[in-house]
Amino acid sequence: MSNKSIIIIGAGVAGLAAGCYAQMNGFDSQIFETHDIPGGLCTAWDRKGYIFDGCIHYLFGSGDGQPFNQVWQELGAVQGRPFINHAEFMRISDGVGPDARTFIAYADPDRLEAHMKELSPADSKLITGFCDGIRQFTQFDMAMLQAKPRSQLSAEEWGQFGLKVMPFALPLAKWGRMSAQEFGDKFQDPLLRRALPNMFGWADIPVMVGMSLLAFMYTHNAGFPVGGSLAFARAIEQRYLSLGGQIHYKAQVEKILVENDRAIGVRLYNDDIHHADYVISAADGRGAIFDMLGGKYVNREIKRTYDGRYRIHSQVQVSLGVNRDLTGTPHSVTYLLDKPLLIAGEERDALWVKHYNFDPSLAPAGKSCIIVMVESNYAYWQRIYGRRLYDTEQLQVADIIIDFLETIYPGIRADVEVKDVATPLSYERYTGNWLGSTCGWLMTTKTMMTMIQGMDKTLPGLGNLYLCGQWVEPGGSVPVVAMSGRNAVQLICAQEGRPFTTQEPRSF
Ligand SMILES: Cc1cc2nc3c(=O)[nH]c(=O)nc-3n(C[C@H](O)[C@H](O)[C@H](O)COP(=O)(O)OP(=O)(O)OC[C@H]3O[C@@H](n4cnc5c(N)ncnc54)[C@H](O)[C@@H]3O)c2cc1C
């Protein structure tokens, strides 16, 4: 009897992971991917020898034996790969010159506590609470939330799950419901007041997310993979191919084929038809539900979600290749601006500047990659797309950033060898993500509970179709979507009535 087959849409990390676990469990799988490379959002691009990384700042699971590490071992992504663990998460300065005050967000909670109290003795109580929370989250195994799809847990397993979560119930409730903005507002010190909401990406992120990041940085479980994000994704692609999977690049799925309310295959844009027993969509959620399936299998909940229930984060990334060695200067600094900068139609009062000299493989010797990411509205760019204005605006944004960098690194303009600007439309074009979203639904205090409870991985009334990836895991992130791909195959194994098994590459 031949193996059952699975078609996977998308070779991002979720799709690649789903493919690997499908192969480990004896299915014949194939992945269809629009682009000509794997990784989706987990990517990097080469411009004249500069590798501009577009994704991983911190990879949860980079530390041996720690939460999320198991999934990377199974996917062959960490074996032999060095990781860089920063002692400082980032610096936040209230200016540029020698008079600027700087807050250093150390990964070590003891060091962080001492430093914050030195900056602001008046905020001691808040600082103790914050650093104690980080210490607590060093013990929290976030990966357990996805070890098994919630729908598969038996009463006994629910009990065990409850026991594991119980010690964290209070910190989760307290820090999961408070946003970085709300926390920052409690501080008396003007630098810390402004720094907190600007530290962890966006102001309405739950403080817990930032604490968990610092906690994992401290335990060396949130490192940067040497070689960057595309090399990391390629390792999973290789693992999938070595397990016997097939990837079709430049193969965009137009429709998911359905017969008697069961998914039976896909039709590509070139009209090729492929059949399978199961279909997993690891692609953009809106595209799968409303375009590939014509919006036929939705309920009120799904409609509300895609009608704007949660926020989406899109951004501009300005990447610069500079003929200057920035080694020895802080790699990640957020500058709080007194005079906001107008970038792509919106005023910005903080700018995050990062260089990648901690990984010499990303730039030619003696040179540096500088990256600045700024939240930016999709609609702004869409309005000017297809006209010369779009290119002009990209150059203008790069120029504004370079002017600002001149104040930090005098003379840097003359050293710029490569300028590259990715807009929300670039993200949409290369990965199909709706509105250029970088992480599906943004992780905010509103989505926190949905993240903990999990979203449905099936659609109402449709059999043999499973969803995985960042659109069913609020907040996304590379380890969470890898677990999501794993969960999709766990669900299929359960439907088939067979046990779910895993292997690590070294075991065969
Ligand atoms: C700037 C940035 C920084 C980030 N930083 C981090 C970080 O530090 N740590 C972290 O863990 N995460 C980070 N993330 C988030 C993380 O990258 C994403 O959440 C994750 O990679 C999403 O993976 P995915 O497989 O669900 O989706 P995607 O990566 O979007 O993959 C979907 C794939 O499906 C393909 N596809 C879409 N439609 C079709 C179709 N019709 N037919 C065929 N193929 C299709 C796409 O081309 C794409 O390859 C960051 C993301 C960005 C953009």
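User: Which residue of β18 is the bridge partner of histidine 355?

Analyst: In this predicted model, histidine 355 has isoleucine 370 as its bridge partner in β18. Isoleucine 370 is likewise the bridge partner of leucine 320.

User: What makes strand β17 and β18 a pair?

Analyst: Two strands pair if at least two bridges are found between them. Strand β17 (residues 346-355) and β18 are joined by 4 bridges in the antiparallel sense, so the requirement of at least two is met. The criterion is also satisfied by β15 and strand β18 (residues 368-375), which run antiparallel and are joined by 8 bridges.

User: Why are β3 and β4 said to pair, and what do they form?

Analyst: Strand β3 (residues 44-47) and strand β4 (residues 50-53) have 4 bridges in the antiparallel sense, against a requirement of at least two, so they count as paired. Alanine 44 stands opposite aspartate 53 in β4. With 2 residues between them, the strands form a hairpin, and lysine 48 in its turn has a positive phi of about 50°.

User: What makes β5 and β6 edge strands?

Analyst: An open sheet is formed by 3 strands in the order β5-β9-β6, with antiparallel pairing. Within that order, β5 (59-60) and β6 (83-84) each pair on one side only, and they are therefore its edge strands. Between β6 and strand β9 (residues 222-225) there are 2 bridges, which reaches the minimum of two, so that this pair counts as well. Isoleucine 84 has phenylalanine 224 of β9 as its bridge partner.

User: Why is threonine 329 called neither buried nor exposed?

Analyst: Threonine 329 has 13 other C-beta atoms within 10 Å. A buried residue needs 20 or more and an exposed residue has 12 or fewer, so a count in between is called partly exposed. Threonine 329 lies in the loop between β15 (315-322) and β16 (332-343). From histidine 313 it is 16 residues away in sequence and 29 Å away in space, C-alpha to C-alpha.

User: How do you know how compact the chain is?

Analyst: The chain, which contains 18 helices and 20 strands, has a radius of gyration of 23 Å, close to the 23 Å that the globule rule gives for 508 residues, and it is therefore as compact as a globular protein of that length. Its C-alpha atoms fill a box of roughly 75 × 55 × 45 Å along the principal axes, and 44% of its residues count as buried. Among contacts between residues at least 6 apart in sequence, 71% join residues at least 24 apart.

User: Which residues of the largest nonpolar core touch the most other members?

Analyst: In this core of 141 residues, they are Val13, Ala17, Ala18, Ile236 and Ile280. The largest share of the core, 10 residues, comes from helix α9 (residues 207-218). In soluble globular proteins, nonpolar side chains tend to be buried together. Leaving aside neighbours within four places in sequence, the residues in contact with alanine 18 include Ile8, Ile280, Ala282 and Val489.

User: Which residues come nearest to the ligand, and what classes make up the shell around it?

Analyst: Of the 38 residues around the ligand, Gly10, Gly12, Gly40, Gly469 and Gly476 come nearest. The elements that give two or more residues to the shell are α1 (13-24) and α18 (478-496). By class, the shell has 18 nonpolar, 18 polar and 2 charged residues.

Methods
Residues are numbered from 1 along each chain as its sequence is written. This is a predicted model: local features need pLDDT of at least 70, side-chain atom pairs count only at pLDDT 80 or more; totals for chains, interfaces and linings use all residues. The radius of gyration is taken over C-alpha atoms; the globule rule is 2.2 Å times the number of residues to the power 0.38. Two residues are in contact if their C-beta atoms, placed from the backbone, lie within 7 Å. A residue is near a molecule or strand if its C-beta atom, placed from the backbone, lies within 6 Å of it. Ala, Val, Leu, Ile, Met, Phe, Trp, Tyr, Cys and Pro count as nonpolar, Asp, Glu, Lys and Arg as charged, and the others, Gly among them, as polar. A nonpolar core is a set of buried Ala, Val, Leu, Ile, Met, Phe, Trp, Tyr and Cys residues joined through C-beta atoms within 7 Å.
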